[in-house]
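User: I would like to go through this model with you. Could we take the overall fold, then the helix packing, then the empty spaces?

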Amino acid sequence: MAHRARRVAVIGVSSVWGTEIARRLERDPEVEFVAGFDSTPPSGLDRTEFIEADVRSSVLARLLPSTEVDTVVHCGVLLYPENDKPARALHEINVIGTLQLLAACERAPTLRRVVVRGSAAIYGVEPTGPAFFTEDLARRMPLRTRFQRDVSELEQYFENFAARHPRLTCCMLRYQAEIGADIDTPLVRYLTLPVVPTQLGYDPRLQLLHEDDATAALEASIHSDVRGPVNVGAEGVISLSRLLRLARRPAAPLPHPLFAPALRRLGQALGAGPLYGDAVRLLRYGRGVDISRLRTDVGFEPRYSTAEAVRDFVEKTSSRRLVPPLHPGELAGRFGEARE
């Protein structure tokens, strides 16, 4: 029997992750059709059919079935605020948007697979957490930030959906933070500040995923029959202090209650953008995830370890600074303003 060509819908196609996976799907000979859903059109795509639709809108339930796709890839979960999507909108986009998407999936008779690009924030960030979380440890630690709770809520909806529709292959990818010279995220901008504020007395161990591996893991999951949650990260961890030494970025240790407001003030001055919710705690305690399932069940092996991803990032951004280096006294003055 002839192999049926794939038809894939990418939700949130205008995001950096959605655009990149759509670009890879366009090059895949097994994929005959790619539909991209978002409220704004993406750039740099050739054969993706753009369909304007906000993930929060019920119109998705009418538009998605008309594409006759067999696979839905949800890249519309926002990890941080964006210019047109402020912090107050994240709950609605991530939780209500996921509910609307799942309602649309229920009305798509051709659908066979749903893959969600989620977050490892569901494990929380605690000093007493294990070195590496396995998938069964979700919600074992307190979920202290709004984003962590939103991730837990949207996963609960997804788990209920999967239980109601056992014929569908439903996979939740729990991503660790990414690093790469070609992505513009608050974490990358934080690491390229001329002087990097840190939290006094804390040196978190970070597990950072190379940007290329992040997209490749998503692509592998689309072609896999794996069900349930899967951690997506890199091999090993690196301390923040070592990362900054490799990057030749001086650190400015601050008492941790002042870290977030000081970074917010400096970010506003330098255009660095805020670190949101989970990330502030991540830069205090760190978090690692076990990627055995990614390797054995999805069959994906990350090309870069955390250390290699950091070295690649440092090599490509070694001359990149947001502004000329600041004099320590000037920097201290800016941090002091955060107290006011």
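Analyst: What follows is a short discussion of this chain, which is a predicted model.

User: To begin, how many helices and strands does the chain have?
Analyst: The secondary structure comes to 12 helices and 14 strands.

User: And what percentage of the residues counts as buried?
Analyst: Of the 340 residues in the chain, 56% count as buried.

User: What share of the contacts comes from residues 24 or more positions apart?
Analyst: Taking the contacts with a separation of 6 or more, 79% are between residues 24 or more positions apart.

User: Turning to helix packing, at what angle do α7 and α11 pack?
Analyst: Helix α7, residues 240–247, and helix α11, residues 306–317, pack at about 35°, and their axes are 9 Å apart.

User: Is that crossing left-handed or right-handed?
Analyst: The crossing of α7 past α11 is right-handed.

User: Which residues meet there?
Analyst: From α7 the contact involves Arg-242, Leu-243, Leu-246 and Ala-247, and these meet Val-310, Arg-311 and Val-314 of α11. By class, this contact comprises 5 nonpolar and 2 charged residues, with no polar ones.

User: Now the empty spaces. How many cavities of 30 Å³ or more are there?
Analyst: The count comes to 2 cavities of 30 Å³ or more. The second largest cavity holds about 30 Å³ of space.

User: Which residues line that second largest cavity?
Analyst: Its lining consists of Leu-191, Ala-247, Arg-249, Phe-313, Val-314, Thr-317 and Ser-318. Ala-247 and Val-314 appear in this lining, and they also take part in the contact between α7 and α11.

User: Which helix gives the largest share of that lining, and how do the residues divide by class?
Analyst: Helix α11 gives the largest share, with 3 residues. The lining of this second largest cavity divides into 4 nonpolar, 2 polar and 1 charged.

User: Moving on to pockets, how much space lies in the second largest one?
Analyst: The second largest pocket has about 310 Å³ of space.

User: How many residues line it, and which lie nearest its centre?
Analyst: There are 17 lining residues, and those nearest the centre of the second largest pocket are Val-16, Trp-17, Glu-20, Arg-23 and Ile-183. The elements that give two or more residues to this lining are α1 (16–27) and α6 (211–222).

User: Which element gives the most?
Analyst: Helix α1 gives the most to the lining of that pocket, with 6 residues.

User: Finally, how does the pocket lining divide by class?
Analyst: The lining of the second largest pocket has 7 charged, 5 polar and 5 nonpolar residues.

How values were computed. Residues are numbered from 1 along each chain as its sequence is written. This is a predicted model: local features need pLDDT of at least 70, side-chain atom pairs count only at pLDDT 80 or more; totals for chains, interfaces and linings use all residues. Side-chain values use heavy atoms; hydrogens and water are left out. On a 1 Å grid over the protein atoms alone, a cavity is a set of points where a 1.4 Å probe fits but cannot get out, and a pocket is an open set with protein on both sides within 12 Å along at least five of seven lines; lining residues have an atom within 4 Å of a point. Grid points are joined across faces, edges and corners, and a volume is the space filled by probe spheres set on the points. Helices (H or I, at least four residues) and strands (E, at least two) are DSSP runs, numbered from the N terminus. Ala, Val, Leu, Ile, Met, Phe, Trp, Tyr, Cys and Pro count as nonpolar, Asp, Glu, Lys and Arg as charged, and the others, Gly among them, as polar. Axes are lines fitted to C-alpha atoms, for helices over the stretch in contact, and angles run from 0 to 180 degrees between N-to-C directions. A crossing is left-handed if the near helix is turned anticlockwise from the far one by less than a right angle, and right-handed if clockwise. Contact means heavy atoms within 4.5 Å. Buried means under 20% relative accessible area, exposed over 50%, partly exposed in between (1.4 Å probe, protein chains only).
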